[in-house]
Amino acid sequence: MRIAYQYRLKPTTEQKAVINKWLDMLRYQYNYLLADRFDWYQHNRCPINSCPLITSIPELREQPDYYNQKRSPKGCATRPLTKLKEERPWYRAIHSQVLPNMVERVKTTFARYLKGDSNGKRSGKPRFKGKNQYKSFTYPQGKEIKFKNKRIYLPKIGDVEIVWHRKLPICFDVKTVTITKKA
């Protein structure tokens, strides 16, 4: 059984700055990967029954997908996450599991745009995130998250004070932790 609990965090000023910086960097990367998918889709989509006879052939490259964008092969236009951290060392400050989760978000939004969800209901065209529109990030594995004395340990952020208004059930394990910035 899956249960989701929400707790209020009380980060220090330095922790707030780190969280805001992460959200900003994740937003830039999200927009870049989304633009890469739109670019490929725009250049390579053409229904079989209505292709023009005279057309320019775009530069051939693989369709960007989750694995391609997470770790792209040589010669691909997208930046793999490992190469991204080499080219832009400030991305090393972000936890290693948070960046791939952002790539998964891009995959999910683009798939819902093209195919729809499990009921077949299609979403609208994904939008680029503006400042203060990318509001959350997720630690997909809760193994490194520690709870102790009304504090939660978040990797690369540190111990953050938490308001415990409800206890976690004893037999349950924390699987994922999502940090959301709310007004």
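Which residue stands opposite Tyr139 in β6? In this predicted model, the residue facing Tyr139 is Val177. That pair belongs to the antiparallel pairing of β2 with β6, which are joined by four bridges. Strand β6 covers residues 177-180 and has two unlike faces: Val177 and Ile179 lie on the covered face, while Thr178 and Thr180 lie on the uncovered one.

**Overall make-up**

The chain contains four helices and six strands. Read from the N terminus, the elements follow the order β-α-α-α-α-β-β-β-β-β. Of the 183 residues in the chain, 33% are buried. Among contacts with a separation of 6 or more, 67% are between residues 24 or more positions apart.

**The four-stranded sheet**

Four strands form an open sheet in the order β1-β5-β4-β3, and their pairing is antiparallel. The edges are taken by β1 (8-10) and β3 (146-148); each has a single partner strand, so one side of each lacks a neighbour in the sheet. From one strand to the next the twist averages 35°.

At the β3 edge, β3 pairs with β4 (residues 151-154) through three antiparallel bridges. Within this part of the sheet, Phe147 stands opposite Ile152 in β4. The loop between β3 and β4 holds Asn149, which has a positive phi of about 50° although it is not a glycine. A second case is Lys156, in the loop between β4 and β5 (158-163), where phi is near 70°. Most residues other than glycine have a negative phi. Asn149 is exposed, with a relative accessible area of 69%, and Lys156 is partly exposed, at 48%.

**Helix α4 and its surroundings**

Helix α4 runs over residues 98-114. Its 17 residues should span 24 Å at 1.5 Å a residue, and the end C-alpha atoms are 25 Å apart, which agrees. Just after α4, Gly116 takes a positive phi of about 100°.

The buried residues of α4 are Val98, Leu99, Pro100, Asn101, Met102, Val103, Val106, Phe110 and Tyr113. An α-helix has 3.6 residues a turn, so residues three or four places apart point the same way. The later entries in the list, including Val103, Val106, Phe110 and Tyr113, are buried. The cover over the buried residues of α4 includes α1 (13-44), α2 (66-70), α3 (81-87) and β2 (136-139).

One of the buried residues in α4 is Leu99. Leu99 counts as buried because its relative accessibility is 1%, and the cut-off is under 20%. Not counting residues up to four places away in sequence, Leu99 touches Leu26, Leu81, Lys85, Tyr91 and Ile94. Leu99 and Phe137 are 38 residues apart in sequence, and their C-alpha atoms are 8.8 Å apart in space.

**Aromatic rings and charges**

The whole structure has 13 aromatic pairs. One of them, Tyr41 with Phe110, is edge-to-face, at 6.1 Å centre to centre and with 85° between the planes. This pair links distant parts of the chain, with Tyr41 in helix α1 and Phe110 in helix α4, 69 residues apart. Tyr41 is partly exposed, with a relative accessible area of 23%, whereas Phe110 is buried at 4%. Both rings belong to a cluster in which ring pairs link Phe38, Tyr41, Phe110, Tyr113 and Phe128.

Phe38, a member of that cluster, also has the charged end of Lys125 over its ring. Another charged side chain, that of Arg27, lies over the face of Tyr28. The two arrangements are set out below.

| Charged residue | Ring | Distance to ring centre |
|---|---|---|
| Lys125 | Phe38 | 4.9 Å |
| Arg27 | Tyr28 | 4.7 Å |

**Arg27 in helix α1**

Is Arg27, in helix α1, buried or exposed? Arg27 is buried: its relative accessible area is 9%, and a residue counts as buried under 20%. Leaving aside neighbours within four places in sequence, Arg27 is in contact with Lys129, Gly130, Lys131 and Tyr134.

Methods: Residues are numbered from 1 along each chain as its sequence is written. This is a predicted model: local features need pLDDT of at least 70, side-chain atom pairs count only at pLDDT 80 or more; totals for chains, interfaces and linings use all residues. Side-chain values use heavy atoms; hydrogens and water are left out. The expected span of a helix is 1.5 Å times one less than its number of residues. Buried means under 20% relative accessible area, exposed over 50%, partly exposed in between (1.4 Å probe, protein chains only). Contact means heavy atoms within 4.5 Å. Two strands pair if DSSP finds at least two bridges between them. Axes are lines fitted to C-alpha atoms, for helices over the stretch in contact, and angles run from 0 to 180 degrees between N-to-C directions. Rings of Phe, Tyr and Trp (its six-membered ring) pair if their centres lie within 6.5 Å; planes under 30 degrees apart count as stacked, over 60 as edge-to-face and the rest as tilted. A charge sits over a ring if NZ of Lys or CZ of Arg is within 6 Å of the ring centre and within 35 degrees of the ring normal.
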